[in-house]
Amino acid sequence: MQKIKTGIYGGSFNPIHNGHIAIAKRMLELAGLDEIWLIMSPQNPLKTVGSLLDDRLRLKMTQRALAPYPQLTASDYEFRLPRPSYMWNTLQQLSADYPDREFTLLIGADNWTVFDRWYHAADIIAHYPIAIYPRTGSPIDTSTLPPTVRLYDTGLYDISSTEVREKAAHGEDVAQLVPAEIVEDVKRHYGC
C-alpha cells in the first residue's frame with residue numbers, strides 16, 4: 001500500500017500569515033505531497049517564549065486561516081509532547097502514530113543554515129526527506145546538500161510574523177499580510 005505523503009511544516013505561527021500559506025501551497029505541488037500538517041509549536045527551543053500568544057488562540061487562528069485549503073491542516077500534535085518541542089521527537093512520535101504516512105520535513109533556508117544546531121540533526125537527515133524553501137539572506141549551495149535534502153523554488157515571501165505583530169501593535173493595517181479570515185483576530189490579539 002502506498003503511503004500518504006505528508007509534509008510537516010513546524011512553526012510558532014504567531015500569527016500565521018499569507019507567506020506561510022503560499023509556501024505550503026507551493027510545496028504541496030513542488031515536493032509532490034498529498035497534504036501538509038502545520039504543526040503548531042508550543043515552545044521552539046531556538047526562540048524565547050515571552051512573545052508567544054496563547055497556544056490555543058494561535059491554533060484557532062491557524063485553523064480558521066487554513067479552512068479554505070483542505071490539503072493544509074493546523075495540528076496541535078506537539079501540545080501533547082514534552083517541551084521544548086524538538087522536531088526529532090515530533091517526527092519519531094508521528095512515525096509511530098501514523099505508519100500509513102511518509103513524512104517530509106519542510107523548513108526555510110534560514111533554518112537549514114543552523115540545522116546543525118537542531119537536536120539529532122544528523123538523524124533527521126538520515127531518516128526523513130527535507131524540503132527547503134528559500135529565504136532572503138540565506139543562500140543555499142545545493143551542491144552541498146545531502147541526498148535526502150532538496151531546495152525547492154517556491155519563490156520568496158518576505159512576510160514575517162514579527163512584522164504582522166508590530167503593525168498590529170501600532171494600529172497599522174494587516175489585511176495584506178494575513179488571510180481575511182483572521183484579520184480581526186490579529187487586530188484583537190496583537191493590537192494596541
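Start by selecting Arg101: with a relative accessibility of 17%, this residue counts as buried. As you look around, keep in mind that you are viewing a predicted model.

**Stop 1: Arg101 and its partners**

Keep Arg101 on screen and add Asp100. The two form a salt bridge, and their closest N and O atoms are 3.1 Å apart. Asp100 counts as partly exposed, at 28% relative accessibility. Now add Glu35 to the selection: Glu35, Asp100 and Arg101 are linked in a network of salt bridges.

**Stop 2: more salt bridges**

How many salt bridges does the structure hold? There are 13. Select Lys5 and Glu102 to see one of them, where the closest N and O atoms are 3.8 Å apart. Lys5 belongs to strand 1 (residues 4-11) and Glu102 to strand 4 (residues 101-108), so this pair ties together parts that are 97 residues apart in sequence. Colour the two by accessibility if your viewer allows. Lys5 is partly exposed at 27% relative accessibility, and Glu102 is partly exposed at 33%.

Next, pick Asp76 and Arg80. Their side chains meet in a salt bridge, at 3.2 Å from N to O. Asp76 is partly exposed, with a relative accessible area of 22%, while Arg80 counts as exposed at 56% relative accessibility.

**Stop 3: Glu78, a charged residue inside**

Move on to Glu78, which sits in the loop between strand 3 (72-75) and helix 3 (87-97). Is Glu78 buried or exposed? Glu78 is buried, and yet it has no salt bridge. Try drawing a distance to Arg83, the nearest side chain of opposite charge: Arg83 is 8.1 Å away. A salt bridge needs the nitrogen and the carboxyl oxygen within 4 Å, so a pair farther apart than that does not count as one.

What does the side chain of Glu78 meet in a polar contact? Select Thr90: a polar contact of 2.6 Å joins the side chains of Glu78 and Thr90. To see the wider surroundings, show the residues that Glu78 touches beyond four places away in sequence: Ile39, Met40, Ser41, Pro42, Ser85, Met87 and Thr90.

**Stop 4: the largest nonpolar core**

Now select Tyr9, Ile36 and Val186 together. These are the residues with the most contacts inside the largest nonpolar core, which has 34 residues. Which elements supply at least two residues each to this core? They are helix 1 (18-30), strand 2 (35-40), helix 2 (55-66), strand 3, strand 5 (130-133), helix 6 (161-169) and helix 7 (183-190). Helix 1 gives the largest share, five residues.

Zoom in on Tyr9. Leaving aside neighbours within four places in sequence, Tyr9 is in contact with His20, Ile23, Ala24, Ile36, Trp37, Leu38, Ile39, Leu106 and Tyr133. There is also a second, separate core of 25 residues; to find it, select Leu105, Ala109, Ala121 and Ile140, which are among its members.

**Stop 5: His20**

One contact of Tyr9 deserves its own visit: His20. You will find His20 in helix 1, where it counts as buried at 12% relative accessibility. Show the backbone of His17 too, and you can see its nitrogen 3.0 Å from a polar atom of the His20 side chain. Setting aside residues up to four places away in sequence, His20 touches Tyr9, Phe13, Pro15 and Ser161.

**Stop 6: helix 6 from end to end**

Ser161 takes you to helix 6, where it is buried along with Val164, Arg165 and Ala168. Turn the view to look down the axis of helix 6: the buried residues fall within an arc of 95°, so they line one face of the helix. What covers them? Display helix 1 and helix 7, which are included in that cover. Then follow the chain past helix 6 to Gly171, which has a positive phi, near 75°.

**Stop 7: Ser143, out in a loop**

Finish at Ser143, in the loop between strand 5 and strand 6 (149-151). Is Ser143 buried or exposed? Ser143 counts as exposed, at 63% relative accessibility. Add Asp141 for the last view of the tour: the side chains of Ser143 and Asp141 make a polar contact of 2.6 Å.

Key. Residues numbered from 1 in each chain as written. Predicted model: local features only at pLDDT ≥ 70, side-chain atom pairs only at ≥ 80, totals over all residues. Heavy atoms only, no water. Helix = DSSP H or I, 4+ residues; strand = E, 2+ residues; numbered from the N terminus. Buried < 20%, exposed > 50% of the residue type's maximum accessible area, 1.4 Å probe, protein only. Lys, Arg positive; Asp, Glu negative; His and termini not counted. Polar contact = N/O pair within 3.5 Å; in protein donor to acceptor, adjacent residues only side chain to side chain. Contact = heavy atoms within 4.5 Å. Core = buried A, V, L, I, M, F, W, Y, C linked by side-chain atoms within 4.5 Å. Arc of directions from axis to C-beta.
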